[in-house]
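Me: I would like to go through some of the labels attached to this model and see what each of them rests on.

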Amino acid sequence: MNTKNNRRRRESIERIEKVFIELLQTKELHEITVSDICKRCELNRSTFYANFADIYELADKMREYLEGEVERLYEAEKTQKFNSNDYLRLFCHIRENQLFYRTYFKLGYDNQFKLKYYDIHQAERHFDNRHIEYHVEFFRSGFNAIVKMWLAGGCKETPEEMDEIIRSEYQGRS
């Protein structure tokens with residue numbers, strides 16, 4: 001019986017996702033086919049289609065998974081409605097999950113993700129509540145560029161060093 005969470009089904013999904021991520025490291029999304037994935041996974045196409053409508057749904061599921069992981073990192077802050085500006089936690093997560101983040105950026109999802117951990121109240125104080133959307137976009141774009149650069153270099157700097165780089169950009173602001 002093919003129930004939603006049976007072990008065999010979960011293993012098939014994990015194999016599909018793993019191969020998909022591997023293929024994305026050398027191909028563009030539009031170049032990957034269901035057949036490519038199924039051949040490398042040694043699964044039938046029907047197994048793929050039982051779990052995903054197409055390659056794009058698979059990509060969206062991977063995006064949702066990673067964004068969910070990042071949200072869980074800051075769940076307590078969200079619940080308690082405060083922002084610790086703890087980027088070290090995020091940099092540690094990025095270093096531990098480099099392949100996922102490379103995939104996320106390669107798929108261009110960083111342009112769609114709304115930065116939820118930027119402290120709007122702090123920005124309002126620093127910038128006299130003026131043009132906040134520009135400051136948020138500036139921070140998001142800069143942060144993403146730094147992360148992409150760090151990933152491209154193999155995450156040679158420590159998460160602590162990356163945290164210091166971000167903090168140094170905001171020196172003089174409390």
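The turns below take the labels one by one.

Reply: Before we start, this is a predicted model, in which local features need pLDDT of at least 70 and side-chain atom pairs count only at pLDDT 80 or more, while totals for chains, interfaces and linings use all residues. Residues are numbered from 1 along each chain as its sequence is written, and side-chain values use heavy atoms, with hydrogens and water left out.

Me: Why is Leu66 called buried?

Reply: Buried means under 20% relative accessible area, exposed over 50% and partly exposed in between, with a 1.4 Å probe and protein chains only; Leu66 has 3% relative accessibility and therefore counts as buried.

Me: What is Leu66 in contact with, leaving aside its neighbours within four places in sequence?

Reply: Taking contact as heavy atoms within 4.5 Å, Leu66 touches His93, Phe100, Tyr101 and Tyr104. The C-alpha atoms of Leu66 and Tyr104 are 7.9 Å apart, although 38 residues separate the two along the chain.

Me: How do you know that Cys41 is in no disulfide?

Reply: A disulfide is a pair of cysteine sulfur atoms within 2.5 Å, and a search of the whole structure finds zero of them. For Cys41, the nearest cysteine sulfur belongs to Cys38 and lies 6.6 Å away, so the definition is not met.

Me: What makes Cys41 buried and Cys92 partly exposed?

Reply: Cys41 has a relative accessible area of 4%, which is why the residue is classed as buried, whereas Cys92 has 28% and is therefore partly exposed.
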